[in-house]
Amino acid sequence: MEPIRPVKGTRDFFPEDMTFRQWLYAKIRGASERFGYQEYDGPFLERLSLYAAKSGEELVKDQSFIFEDRSGEMVALRPELTPSLARMVGAKSKSLPRPIRWWSFGPFWRYERPQRGRSREFFQWNIDLLGIDSPEADAEIVAAGAEFLRGVGLSPEAVRIRINDRRLAETQLDKIGIGSDRRALVYRLIDRRDRMSPAKWLDWSLAEGLSPKELEAIRKLLDDREAWRGSAPLERFFEAADSLGVGDYVVYDPTVIRGLDYYTGTVFEARDSASKFRAIFGGGRYDDLVSAVGGDPVPGTGFAMGDVVLRLVLEQYNAAPVLDSRPAKVLVTTFDDSGLMPALKLATEFRGSGLEVEWYPTVAKLAKQLRYADRVGARVAVILGPDEIAAETVTIRDLASGKQQTVPRGEAAAFARGIVEGSA
RNA sequence: GCGAGCGUAGCUUAGUGGUAAAGCACCGCACUGUGGCUGCGGGGACCGCGGGUUCGAAUCCCGUCGCUCGCCCCA
């Protein structure tokens, strides 16, 4: 029979992959909770209209997993969390104490062509601070991201968080004669500059109707790394970032603008310093989003980070953790048929004393069982043969040192635990 | 939606027209109550699938499916 293929763009999480996912989850939880954020989650399935209201219709139709349920309702596997967050906050906005500090980690789906750093099913960390409209609030969110990076071993030399502010960009563009009618277009151009060759970018910009003179002015803006000085929100942001202890991670970058329409102020993204990968996380301030999905106006700031790019970056900078996916520290061997039940009873006793115990499930040569113990990373092998059963003893072998000792049965669990915990 | 590259054992790959090979992994033996190291041996591949060219195809050609990498898009 033909094997049934997995759905394109999905990943199987074998135990080794699962330990990475859980490690990541723990790191994300650590960074989030250190700043007082609460974990929450939305449904994985949402009405299509939730996204259609906010995002471009084409975007949702072409790049989301959408289908009709049995009642004819159009639903989508969530492609992002922010609309759900806005809906949830909107529903309770009158009773929730402000500010709202929430984080989440879960699966998302996008119907895109899988490529390096991009799959159709992925996990994403979302963290948001709502109810406060200030540069210090933006700085706190960025600090949570920076502390996460530090926590996983990505230094400021490896990853930098690039900051800009759309309010500043607006003022700059106004000054060179680019008004609100062409703002969105220019944002797109800026957003894409580092992803295209300079010549290609030039051609494209001209084709979009910008004059050479305007282009020259834009180019000058993008090269000015000091333009944040004099912008009150950015000055306050960077001062707060310093006080939050993450000044080494943040840098002003006029080329960061983000593709999304809903950002209203600070925007930022974390990139590896070689710019080899896509953005590790990206976000910004969105003060009109909650009201856009029907709630009372609540200002917000936050970002999202996908697991796929992060893993690539960790590997690139040799920061990927070495994890043990085998919990069993003790292996109980099975000597012969008459030793089967005694072995099971012993394993049960050991578990009762708090040890993680695996049992070799068939009668086999001791050499084979010990080799298995070695392979699965057990620290201790327990040998319960006819001699031990007759004498009411147990042989405990330390697989790291190769030393073994035969002890009275009543002391066996404690003795094994001593080895596992490194105190013997 | 468009383009390119690649599909050979569980994994990584060699073989570029003459009837499939290596390393790792797995199993066994040396070592029937003692693992890691070593040595020896063993099992395992309709060479992605279908068609064509040829005396002969893993190899060349066409199609198809899959994977990967770009473009598009990126919430």
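In the predicted model, the residues of the surface near RNA strand B divide into 21 charged, 11 nonpolar and 7 polar. Of the 39 residues around RNA strand B, those that come nearest are Glu80, Arg113, Arg195, Arg375 and Leu399. At least two residues of this surface are supplied by each of helix H3 (57–63), helix H7 (180–192), helix H14 (366–375) and helix H15 (386–391), and among the contributing elements H14 gives the most, with 7 residues. On the side of the nucleic acid, sugar or phosphate accounts for 45% of the atoms of RNA strand B within 4 Å of the protein, whereas the rest belong to bases.

Polar contacts to RNA strand B were examined for the side chains of Arg110, Glu112 and Arg113. An N or O atom in the side chain of Arg113 is 2.4 Å from a base nitrogen of the RNA strand, and an N or O atom in the side chain of Glu112 is 3.3 Å from a base oxygen. For Arg110, by contrast, the partner of the side-chain N or O atom is a sugar or linking oxygen of RNA strand B, at 3.4 Å. Bases are thus represented in the contacts of Glu112 and Arg113, and a sugar or linking oxygen in that of Arg110.

Within the protein, strand E7 (residues 159–165) is mostly covered, with 6 of its 7 residues buried. Strand E7 pairs with two other strands in opposite senses: with strand E9 (residues 266–272) the arrangement is antiparallel and extends over 7 bridges, while with strand E8 (residues 250–252) it is parallel and extends over 3 bridges. In the pairing with E9, Val159 has Asp272 as its bridge partner, and in the pairing with E8, Ile161 stands opposite Val250.

A further feature of the model is the second largest pocket, whose volume is about 200 Å³. This pocket is lined by 15 residues, of which Arg11, Phe13, Asp307, Val308 and Arg311 are the closest to its centre. Helix H1 (15–34) and helix H12 (307–316) each supply at least two residues of the lining, and the largest share, 4 residues, comes from H1. By class, the lining of the second largest pocket comprises 6 nonpolar, 6 charged and 3 polar residues.

Conventions: Residues numbered from 1 in each chain as written. Chains lettered and ligands numbered in written order. Predicted model: local features only at pLDDT ≥ 70, side-chain atom pairs only at ≥ 80, totals over all residues. Heavy atoms only, no water. Near = heavy atom within 4 Å. Polar contact = N/O pair within 3.5 Å; in protein donor to acceptor, adjacent residues only side chain to side chain. Nonpolar A, V, L, I, M, F, W, Y, C, P; charged D, E, K, R; others polar. Buried < 20%, exposed > 50% of the residue type's maximum accessible area, 1.4 Å probe, protein only. Pairing = 2+ DSSP bridges. 1 Å grid on protein atoms, 1.4 Å probe; cavity = no way out; pocket = protein on both sides within 12 Å on 5 of 7 lines; lining within 4 Å. Points joined across faces, edges and corners; volume = space filled by probe spheres on them.
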